[in-house]
Amino acid sequence: MKSAKRIESLIYTVRGQKVVLDTDLAEIYGVLTKALNQALKRNLDRFPEDFGFQLTLQEWTNLRSQFVTSSLQTIDAKEDREFGTARKY
């Protein structure tokens with residue numbers, strides 16, 4: 001399990017909401033990002049309506065620049081998609 005400090009470093013503020021990226025949640029739970037998102041889509045009725053949202057290109061670009069600048073994490077090229085998906089924390 002990840003340390004509390006490590007998990008805190010994965011929380012970002014987007015649209016005034018504290019969120020964790022799907023790639024980070026998948027890593028925490030030890031599953032592929034694709035599997036995490038498929039499980040969410042199959043079980044939408046189990047989550048609040050605003051649980052997840054697609055980042056805009058600008059939001060994704062801004063977050064990616066934060067990753068490089070702060071060195072909090074790197075994005076694995078295999079996990080990197082056109083845009084990220086955020087999950088409300």
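Is Arg 6 buried, partly exposed or exposed? Arg 6 is partly exposed, because its relative accessibility is 24% and partly exposed residues lie between the limits of 20% and 50%. The legends below describe close-up views of a predicted model.

**View 1. A salt bridge joins Glu 27 and Arg 6.** The side chains of these two residues meet with a distance of 3.8 Å from N to O. Glu 27 belongs to helix α2, residues 22–29, and Arg 6 to helix α1, residues 4–8. The pair links distant parts of the chain, with the two positions 21 residues apart in numbering. Glu 27 has a relative accessible area of 42%, so Glu 27 is partly exposed. Arg 6 is also partly exposed, as stated above, at 24%. This salt bridge belongs to a total of 2 in the structure.

**View 2. Strands β1 and β2 form a hairpin.** Strand β1 covers residues 11–14 and strand β2 covers residues 17–21. The two strands run antiparallel and are joined by 4 bridges. Val 14 stands opposite Gln 17, a residue of β2. There are 2 residues between the strands, and Arg 15 in this turn has a positive phi of about 55°.

**View 3. Arg 15 in the turn forms a salt bridge with Glu 59.** The closest N and O atoms of the pair are 2.8 Å apart. Glu 59 sits in helix α4, residues 57–70, whereas Arg 15 sits in the loop between β1 and β2. The two residues are 44 residues apart, and the pair links distant parts of the chain. Which of the two partners is buried? Glu 59 is buried, because its relative accessible area is 16% and the limit for buried is under 20%. Arg 15 counts as partly exposed at 48% relative accessibility.

**View 4. Helices α2 and α3 cross.** Helix α3 spans residues 33–42, and its axis comes within 8 Å of the axis of α2. The crossing angle is roughly 100°, which means that α2 is roughly perpendicular to α3. On the α2 side, the contact is made by Asp 22, Thr 23, Leu 25 and Ala 26. On the α3 side, Thr 33, Leu 36 and Asn 37 take part. The residues of this contact comprise 3 nonpolar, 3 polar and 1 charged.

**View 5. Helix α2 is largely enclosed by the rest of the structure.** How many of the 8 residues of α2 are buried? The number is 6, and therefore the helix is described as largely enclosed. The buried residues are Asp 22, Thr 23, Asp 24, Leu 25, Ala 26 and Ile 28. After the helix comes Gly 30, which has a positive phi near 70°.

**View 6. Asp 24 is a buried residue of α2.** The relative accessible area of Asp 24 is 2%, so the residue is buried. The C-alpha atoms of Asp 24 and Ile 7 are 8.8 Å apart in space. In sequence, Asp 24 and Ile 7 are 17 residues apart.

**View 7. Leu 21 is a residue of strand β2.** Is Leu 21 buried or exposed? Leu 21 counts as buried because its relative accessibility is 1%. Phe 53 is 32 residues from Leu 21 along the chain. The C-alpha atoms of Leu 21 and Phe 53 are separated by 9.9 Å.

Technical notes:
Residues are numbered from 1 along each chain as its sequence is written. This is a predicted model: local features need pLDDT of at least 70, side-chain atom pairs count only at pLDDT 80 or more; totals for chains, interfaces and linings use all residues. Side-chain values use heavy atoms; hydrogens and water are left out. Two strands pair if DSSP finds at least two bridges between them. A salt bridge is a side-chain nitrogen of Lys or Arg within 4 Å of a carboxyl oxygen of Asp or Glu. Buried means under 20% relative accessible area, exposed over 50%, partly exposed in between (1.4 Å probe, protein chains only). Axes are lines fitted to C-alpha atoms, for helices over the stretch in contact, and angles run from 0 to 180 degrees between N-to-C directions. Angles under 35 degrees count as roughly parallel, over 145 as roughly antiparallel, 65 to 115 as roughly perpendicular and the rest as oblique. Contact means heavy atoms within 4.5 Å. Ala, Val, Leu, Ile, Met, Phe, Trp, Tyr, Cys and Pro count as nonpolar, Asp, Glu, Lys and Arg as charged, and the others, Gly among them, as polar.
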